[in-house]
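Good morning, and thanks for coming. I will go through one structure today, from the whole chain down to single residues. Please have a look at it first.

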Amino acid sequence: SLGATALFENKSVVERSEVVIVSVKPDVVVPALKDVKDLAASKNKLFISVAMGVSTSTIEKALPSEARVIRVMPNTPALVKEGAAALSRGSKATAEDAKLAAELFRAVGTCDEVPEYQMDAVTALSGSGPAYVYMLIESLADGGVRCGLPRDLALRLATQTTRGAASMLSTGSHPAVLKDNVTSPAGSTAEGTYHLEQNGFRSAVIGAVMAATNRCKVVNEQLNQMN
């Protein structure tokens, strides 16, 4: 009913596909591609990788020299058509390849093209970002429960507040301006944001993005050493 065919051999997938999406864990990327490196069908194919931290050069080394490679980092909100993705081209990928890849991922959200040196930061921000936001929502709800709200109500309010706050950015206003619009002098919001600042909220979030970025770099270095 989906118009899809399930295949169980990597070679069969490449032979029967115009675009091959490499969607496996980082340490499986190179072994999986080496399985099809000598396949004639691999030479003129477009390979789109969504593996964390694996550079296009690492992927290109595991494929025929003619293969075109694009690296994409999507995120899980694509499941509800609210994804945020970014892509970068390998050395052989064309503008048409990038256009096709962008169209595929824009079907489930947004997709921007960036130079590859920015892809690890993209992975850390938008790829891992949903986890940070879920932790924020969970913490807001826990705070509501701590202050006497029923858990289902606290979670519902935290979820809708986060959704609504994100939607407010569509007005074009900077987040700092929107924050200030909520913050009355000597009010409850001012007290709450002061507490967040005192406890390193901003630096913790920035540090999380930096740590995740560094992890992506380490993964690619480890893969290069292994292969």
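Let me begin with charge. The protein chain carries 23 positive and 23 negative side chains. The centres of these two sets are 1 Å apart. Please keep in mind throughout that this is a predicted model.

Now the chain as a whole. It has 227 residues, and 32% of them count as buried. In secondary structure, there are 10 helices and 5 strands. If you draw a box along the principal axes around the C-alpha atoms, that box is roughly 70 × 45 × 30 Å. The surface that the protein chain exposes comes to about 14,100 Å², with 58% of it supplied by carbon and sulfur atoms.

A word on contacts within the chain. Take the contacts between residues at least 6 apart in sequence: 62% of these join residues at least 24 apart.

Next, the domains. The assignment divides the protein chain into domain 1, residues 10-114, and domain 2, residues 124-215. How many residues does each domain give to the contact between them? Domain 1 gives 6 residues and domain 2 gives 4 residues. From C-alpha centre to C-alpha centre, the two domains lie 33 Å apart. As a general point, the size of an interface is often given as the accessible area lost when the parts come together. Here domain 1 and domain 2 bury about 350 Å² between them. Carbon and sulfur atoms account for 61% of that area.

Now to single residues, starting with Thr123. Thr123 is in helix α5, which covers residues 119-127. Is Thr123 buried or exposed? The cut-off for buried is under 20% relative accessible area. Thr123 has 5% relative accessibility, so it counts as buried. And what does Thr123 touch, once neighbours within four places in sequence are left aside? The contacts are Met52, Met73, Ser128 and Cys216.

Two residues deserve a look for their backbone angles. Lys81 has a positive phi of about 60°, and Lys81 is not a glycine. Where is Lys81? The loop between β3 (68-73) and β4 (83-89) holds it. Lys81 is exposed, at a relative accessible area of 61%.

The second one is Ala186. Its phi is near 60°, again a positive value in a residue other than glycine. Ala186 sits in the loop that runs between α8 (175-182) and α9 (188-198). With a relative accessibility of 83%, Ala186 counts as exposed.

Staying with loops, let me turn to Ser170. Ser170 is found in the loop between α7 (151-168) and α8. The cut-off for exposed is over 50%. Ser170 is at 70% relative accessibility and therefore counts as exposed. Compare its position with that of Ser88: the two are 82 residues apart in sequence, and their C-alpha atoms are 26 Å apart in space.

I will finish with two helix residues. Ser57 belongs to helix α3, residues 56-61. Its relative accessibility is 35%, so Ser57 counts as partly exposed. Ser57 and Val69 are 12 residues apart along the chain, with 8.7 Å between their C-alpha atoms.

The other is Gly143, which is placed in helix α6, residues 129-146. Gly143 has a relative accessible area of 29% and is partly exposed. Which distance separates Gly143 from Leu155 in space? From C-alpha to C-alpha, Gly143 and Leu155 are 9.9 Å apart, and in sequence they are 12 residues apart.

To recap the main items: the protein chain is divided into two domains, 10-114 and 124-215, and they bury about 350 Å² between them. Thr123 counts as buried, Lys81 is exposed, and Ser57 is partly exposed. That is all from me.

Conventions
Residues are numbered from 1 along each chain as its sequence is written. This is a predicted model: local features need pLDDT of at least 70, side-chain atom pairs count only at pLDDT 80 or more; totals for chains, interfaces and linings use all residues. Side-chain values use heavy atoms; hydrogens and water are left out. Helices (H or I, at least four residues) and strands (E, at least two) are DSSP runs, numbered from the N terminus. Buried means under 20% relative accessible area, exposed over 50%, partly exposed in between (1.4 Å probe, protein chains only). Contact means heavy atoms within 4.5 Å. Accessible areas come from the Shrake-Rupley method with a 1.4 Å probe; for residues, only the protein chains shown count as cover. Lys and Arg count as positive and Asp and Glu as negative; His and the chain ends are not counted. The place of a charge is taken as NZ of Lys, CZ of Arg, CG of Asp or CD of Glu. Domain bounds come from an automatic or database domain assignment. Buried area is the accessible area (1.4 Å probe) that two parts lose on being put together, summed over both.
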